[in-house]
Amino acid sequence: MIIFKTTENLREYLKDKPASQGVVGFVPTMGALHRGHLSLVNLCRQQNTLTVVSIFVNPLQFNQKSDFDNYPSTIEKDMEMLIGAGVDVLFLPSEKEMYPDENKKVTYDLGYLDQILEGAQRPGHFQGVARVVDLLLQIVQPDNLYLGQKDFQQIKVIQRMIKLKGHHTKVVEAPLVREESGLAMSSRNERLSGTGRKKAAIIYKNLKTIKEEINEFPFSSLRKKAIDDLRKNGFKVDYIELATQKDLKLLNDFDNKIPSRVLVAAWIESVRLIDNIPIP
Ligand code: AMP
């Protein structure tokens, strides 16, 4: 695995790669890697001749300084994992490298995506995501970009940014990877206590119940039941919403002709967790 810390060196390396070397796949991450990230890397390796991974904890996408300051960092372990997974190139830029001053002040027309769910709860978050992925795509210019369904709304945001900016990159979605308990794998899980981590599995349990019962009961009553259960167990719930799978339009109730998702964000032990489940 070759590690690049500067944009210039990475660009030069990628430019010199002969075209015959084929297809470039790219997996952007913020590090503190787990099996969820590795599933993207594995998919990328199967479908491309060159696999590029980035690790950059992007300050622009944190709407709370404490979340940024406490974001886990396990860089030595991450590098071992990436070498073990057969990654060709790791891009490890500094903040200065990604954001020389003129790079920061760009906004994207993300439409309603910026106003619902994570967009509503975390002002500026998706602008930061769009900015960093736009810059990374300009640098790496991959054929394929690998994104996890764990961050379902993020996929829609990045697809919109790609369209707005005319990037020639195809988005490949990878399924959400869970811990044995059902808890969606996340770097932020590392900040939970043992008890908190066990409790956090209740989020997925409630999503599964909604999925099982959605043909029988109105979504509003299932949502209320789930919120009550989560609150009883010490969670603070930001939202539980039903939305279309295709373009993430919020729905009041389920229509079994429309592929949908239930999405949730909830806090436990000052850690904010998100999850989602496809319906049906
Ligand atoms: P992050 O490091 O959290 O920014 O995530 C980097 C990429 O990994 C994003 O595309 C995430 O959606 C994806 N990812 C994170 N956790 C999971 C998971 N549990 N399952 C699948 N993909 C994931």
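**A four-strand sheet and the helix beside it**

Strand 7 and strand 8 run antiparallel to each other and are joined by two bridges; strands pair here if DSSP finds at least two bridges between them. Helices (H or I, at least four residues) and strands (E, at least two) are DSSP runs, numbered from the N terminus. This is a predicted model, in which local features need pLDDT of at least 70 and side-chain atom pairs count only at pLDDT 80 or more, while totals for chains, interfaces and linings use all residues. Residues are numbered from 1 along each chain as its sequence is written, and side-chain values use heavy atoms, with hydrogens and water left out.

Which residue of strand 8 is the bridge partner of A243? That partner is L250. The two strands belong to an open sheet of four, ordered 8-7-9-10, with antiparallel pairing. Strand 8 (250-251) and strand 10 (271-279) sit at the edges, each pairing on one side only.

Next comes helix 10. At 1.5 Å a residue, the 14 residues of helix 10 (residues 219-232) should span 20 Å, and the end C-alpha atoms are indeed 20 Å apart, which agrees; the expected span is 1.5 Å times one less than the number of residues. Its buried residues are F219, L222, A226, I227, D229 and L230. They cover an arc of only 165° around the axis, so they lie on the same side of helix 10; the arc is that of the directions from the helix axis to the C-beta atoms. Over on the other side, K224, R231 and K232 are exposed. Buried means under 20% relative accessible area and exposed over 50%, with partly exposed in between (1.4 Å probe, protein chains only).

What covers the buried residues of helix 10? The cover includes helix 9 (194-213), strand 7 (236-244) and strand 9 (260-268). Just after helix 10, G234 takes a positive phi of about 95°.

Zooming out, the protein has 10 helices and 10 strands. Its radius of gyration is 19 Å, close to the 19 Å that the globule rule gives for 280 residues, so the protein is as compact as a globular protein of that length. That radius is taken over C-alpha atoms, and the rule is 2.2 Å times the number of residues to the power 0.38. Buried residues make up 55% of the 280. Among contacts (heavy atoms within 4.5 Å) between residues at least 6 apart in sequence, 73% join residues at least 24 apart.
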